[in-house]
Amino acid sequence: MPATIAWVSDGEQAKARRRRGRRRGRRAADPADKRVNSQAVAEAPAKAPGKTPPQPSGRARRTSRRLRTVHETSAGGLVIDGIDRPREEQVAALIGRVDRRGRMLWSLPKGHIELGETAEQTAIREVAEETGIHGSVLAALGSIDYWFVTEGRRVHKTVHHYLMRFAGGQLSDDDVEVTEVAWVPLCELRSRLAYADERRLAEVADELIDKLQTGGPGALPPLPPSAPQRQPQTHSRTRYRRPDKPAPGRKNGHGPDP
């Protein structure tokens, strides 16, 4: 828009010049204004919606670069006792661990695939180590993958899960990483499992059990190919076994039902 020009007298021009001079003088006399204004301008992009957030400091970038990414693969299983009986008579073996808040979290037994093992072999071994139960693999339930940071590493973990038939054994919580073990009625499985991904696997198990009871083992989908693990993995924790003598204050063998 073009500027509007107005004619003023010499006196008025002088007054205008004095006013401008006084304004300049006030700004120069208050250096705090400059600091406040420059700070407001610097902060404006970070506060504006939809703008790129401020970049992390040099120290944060160096810490992020120091994290080494490792990939880990585990396997586990959902063991069902009475899988050929009516649904209300079926039970599943779960493990419980106490978190930092003191809550008991129930989940499926699982663990790292060791050198020379297939995922199915690991699932059978880990179920036996963590629950005392022996099972045979019937079908694949699915895989879960997630990320976490531990001991200066960024870990990408993939866990393969299998539907398993109870083949013998007795519940035992001898594994030091397990607080309790229990048989849980299959109808309560989804309400007991602590993690949403495993609750979805329980739904898949329901569908596979229906196929098994309707059409027999041939109605189950074939197992996906699984090659033995050929390289050692970077484990995020080390497994220990309890000594023969039970720890004070713990029950040897059976944990109470949740």
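The following paragraphs lead from the whole chain to one of its helices and then to a pair of strands.

The structure is a predicted model. Its chain contains six helices and seven strands, and their order along the sequence is α-α-α-β-β-β-β-α-β-β-β-α-α. Of the 258 residues, 34% are buried. The accessible surface of the chain amounts to about 16500 Å², and carbon and sulfur atoms account for 53% of this area. Contacts also link distant parts of the sequence: among those between residues at least 6 apart, 74% join residues at least 24 apart.

Helix α4 covers residues 119-131. At 1.5 Å a residue, its 13 residues should span 18 Å, and the C-alpha atoms at its two ends are indeed 18 Å apart, so the expected span and the model agree. Which residues of α4 are buried? They are Ala119, Glu120, Thr122, Ala123, Glu126, Val127, Glu130 and Thr131. Seen down the axis of α4, these buried residues fall within an arc of 155°, and therefore they line one face of the helix. The buried residues of α4 pack against strands β1, β2, β4, β5, β6 and β7. Just after the helix comes Gly132, which has a positive phi of about 85°.

Strand β5 then occupies residues 133-150, and strand β6 occupies residues 153-169. The two strands run antiparallel and are joined by 16 bridges. Within this pairing, Trp147 stands opposite His156 of β6. Together β5 and β6 form a hairpin, with two residues between the strands. Glu151, which lies in the turn, has a positive phi of about 50°.

Key: Residues are numbered from 1 along each chain as its sequence is written. This is a predicted model: local features need pLDDT of at least 70, side-chain atom pairs count only at pLDDT 80 or more; totals for chains, interfaces and linings use all residues. Side-chain values use heavy atoms; hydrogens and water are left out. Two strands pair if DSSP finds at least two bridges between them. Helices (H or I, at least four residues) and strands (E, at least two) are DSSP runs, numbered from the N terminus. Buried means under 20% relative accessible area, exposed over 50%, partly exposed in between (1.4 Å probe, protein chains only). Contact means heavy atoms within 4.5 Å. Accessible areas come from the Shrake-Rupley method with a 1.4 Å probe; for residues, only the protein chains shown count as cover. The expected span of a helix is 1.5 Å times one less than its number of residues. The arc is that of the directions from the helix axis to the C-beta atoms.
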